[in-house]
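Welcome, and please take a moment to look over the model below. We will walk through it together, one place at a time.

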Amino acid sequence: MNKHEMGTIPDWLDPTPWLAITREADSARVAAAIAANDSSEARLATLLSPAARQPIFLEKMARKAQALTRRHFGNTIALYVPLYLSNYCTGGCAYCGFASDRSQPRAKLSWQELEEELLAIKALGFEDILLLTGERHKEARFDYLLKSVQETAKHFHNVTTETYALSVGEYRQLTDAGCTGMTIYQETFDPVLYEKMHRWGEKRVYKWRIEAPARALEGGFRTVGLGALLGLGDPMFDLISLFRHVRFLQKHYWRAGISVSFPRICHQTGDWKAKHFVDERQLAQIIFAFRLCLPETPLTLSTREEPAFRDGIAGLGINRMSIASKTTVGGYRHDAETGGQFDIQDPRSIEAFCNMLRAKGLEPIFKNWEAVYRDGEPALL
Ligand code: SF4
């Protein structure tokens with residue numbers, strides 16, 4: 001596609017035919033959807049409906065979500081950690097503390113600082129690391145990201161990225177450097193709202209972003225993580241589109257691992273408020289609905305959420321979580337001087353978090369991928 005082409009929602013993502021189901025669902029349809037076993041849009045729409053938010057249905061969905069999670073992922077919770085390489089950004093996303101019109105100190109890690117951050121994170125026990133940057137910027141171009149991946153792959157078995165959308169050729173270079181996966185949130189699938197929220201910058205190009213996960217898989221990535229920023233647009237529109245995106249990729253790239261995250265808008269520099277606020281009860285419903293309709297798909301929850309909610313939902317659909325996260329640049333060695341992308345809600349240590357998991361009968365997993373399986377494997381230090 002043309003990188004500069006603005007978007008309309010493609011037919012294979014359009015949730016419109018199922019939106020009425022969420023409005024019209026009643027108790028009988030919700031009960032039938034919980035009892036069913038298919039992965040259809042109609043079932044998901046029913047499980048996401050206001051009618052399904054009644055305590056009696058949430059309880060039934062939670063039980064089924066827990067049983068499915070246990071069946072497909074055992075009693076494990078895979079742990080990962082984010083590392084912000086740079087908070088320079090040319091983007092103008094209305095909801096983000098790193099937008100170029102937000103005043104806060106900007107920085108990127110020098111090679112020495114990156115090495116120190118990696119060693120500090122490694123000492124915490126992590127083997128699964130997610131590297132993040134802002135939008136493409138002269139201070140942190142693609143060659144900076146590429147070298148950061150190369151350096152990180154010397155220390156960690158699983159290296160993934162959450163950055164701006166890249167071309168197939170750029171994803172291929174990251175694969176060759178040791179990167180195995182990427183996360184990219186469409187934020188909202190509503191193209192009109194998308195244009196309004198992304199006031200300037202490369203991210204403004206809706207289709208270029210929607211097609212990024214497929215480009216990453218074409219470029220040799222093994223996994224992609226998808227999500228919508230809950231609170232930005234109509235949750236029903238975004239969640240059914242997100243589900244369709246997952247199913248599309250699972251069908252066309254059946255060897256790849258597709259995962260889903262559920263980020264809610266958090267407080268950030270700029271103090272942008274969610275227009276379609278999703279509360280914890282609805283967030284739990286969303287996670288249960290996705291687990292019921294995507295039983296084998298990894299579902300991720302970050303430290304954006306409060307400890308009590310995370311403790312309750314671990315293993316009830318969610319099987320992958322971050323902990324001990326910093327959203328500042330350079331925050332693992334000492335308190336960084338830059339502000340974070342958003343405010344973290346769960347500041348617990350790894351030890352406290354793992355103790356909680358074990359008390360619930362869950363096993364924290366720090367490594368579930370061996371670097372020796374990478375293409376063009378760089379040796380671990
Ligand atoms: S969401 Fe990403 S591209 Fe947008 S302002 Fe924040 S860091 Fe920049």
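Let us begin at Glu211, which lies in the loop between H9 and helix H10 (212–218). Helices (H or I, at least four residues) and strands (E, at least two) are DSSP runs, numbered from the N terminus. Residues, for their part, are numbered from 1 along each chain as its sequence is written. Please keep in mind that this is a predicted model, in which local features need pLDDT of at least 70 and side-chain atom pairs count only at pLDDT 80 or more, while totals for chains, interfaces and linings use all residues.

Is Glu211 buried or partly exposed? Glu211 counts as partly exposed because it has 18 C-beta neighbours inside 10 Å. The scale works like this: a residue is buried if 20 or more other C-beta atoms lie within 10 Å of its own, exposed if 12 or fewer, and partly exposed in between, with C-beta atoms placed from the backbone. Glu211 and Phe277 are 66 residues apart in sequence, and their C-alpha atoms are 27 Å apart in space.

Now step back along the chain to Lys203, in the loop between helix H8 (191–197) and helix H9 (206–210). Lys203 counts as buried, because it has 24 C-beta neighbours inside 10 Å. Leaving aside its neighbours within four places in sequence, Lys203 is in contact with Gly91, Cys93, Glu135, Tyr164, His198 and Arg209. Here, contact means that the C-beta atoms of two residues, placed from the backbone, lie within 7 Å. Lys203 and Ala165 are 38 residues apart in sequence, with 7.6 Å from C-alpha to C-alpha.

Lys203 also leads us to the ligand. Which residues surround the ligand? They are Cys89, Gly91, Cys93, Cys96, Phe98, Ala99, Gly134, Glu135 and Lys203. A residue is near a molecule or strand if its C-beta atom, placed from the backbone, lies within 6 Å of it. This shell divides into five nonpolar, two polar and two charged residues. In this grouping, Ala, Val, Leu, Ile, Met, Phe, Trp, Tyr, Cys and Pro count as nonpolar, Asp, Glu, Lys and Arg as charged, and the others, Gly among them, as polar.

Next, find a pair of helices. The axes of helix H5 (residues 111–124) and helix H6 (residues 142–153) come within 10 Å and cross at roughly 40°. Such axes are lines fitted to C-alpha atoms, for helices over the stretch in contact, and angles run from 0 to 180 degrees between N-to-C directions. Where they meet, H5 brings Trp111, Leu114, Glu115 and Leu118, and H6 brings Ser148, Glu151 and Thr152. The residues of this contact divide into three nonpolar, two polar and two charged.

Following H6 onward, we reach Phe156, in the loop between H6 and strand E3 (158–162). Phe156 is buried, because 24 other C-beta atoms lie within 10 Å. Apart from neighbours within four places in sequence, Phe156 is in contact with Glu127 and Ile129. Phe156 and Pro307 are 151 residues apart in sequence and 27 Å apart in space, C-alpha to C-alpha.

Ile129 takes us to the largest nonpolar core, which has 107 residues. A nonpolar core is a set of buried Ala, Val, Leu, Ile, Met, Phe, Trp, Tyr and Cys residues joined through C-beta atoms within 7 Å. Leu47, Leu48, Ile129, Ile287 and Ala289 have the most contacts inside this core. Helix H12 (residues 280–293) gives the most to this core, with eight residues. Not counting residues up to four places away in sequence, Ala289 touches Leu44, Leu47, Leu48 and Met61.

After H12, look for Pro298, in the loop between H12 and strand E7 (299–301). Pro298 counts as partly exposed, because it has 19 C-beta neighbours inside 10 Å. Pro298 touches Gly257, Ser259, Asn319 and Arg320, not counting residues up to four places away in sequence.

Two backbone details round off the walk. Glu187, in strand E4 (residues 181–187), has a phi near 70°, a positive value in a residue other than glycine. Ala324, found in the loop between strand E8 (320–322) and helix H14 (350–359), has a positive phi of about 60° although it is not a glycine.
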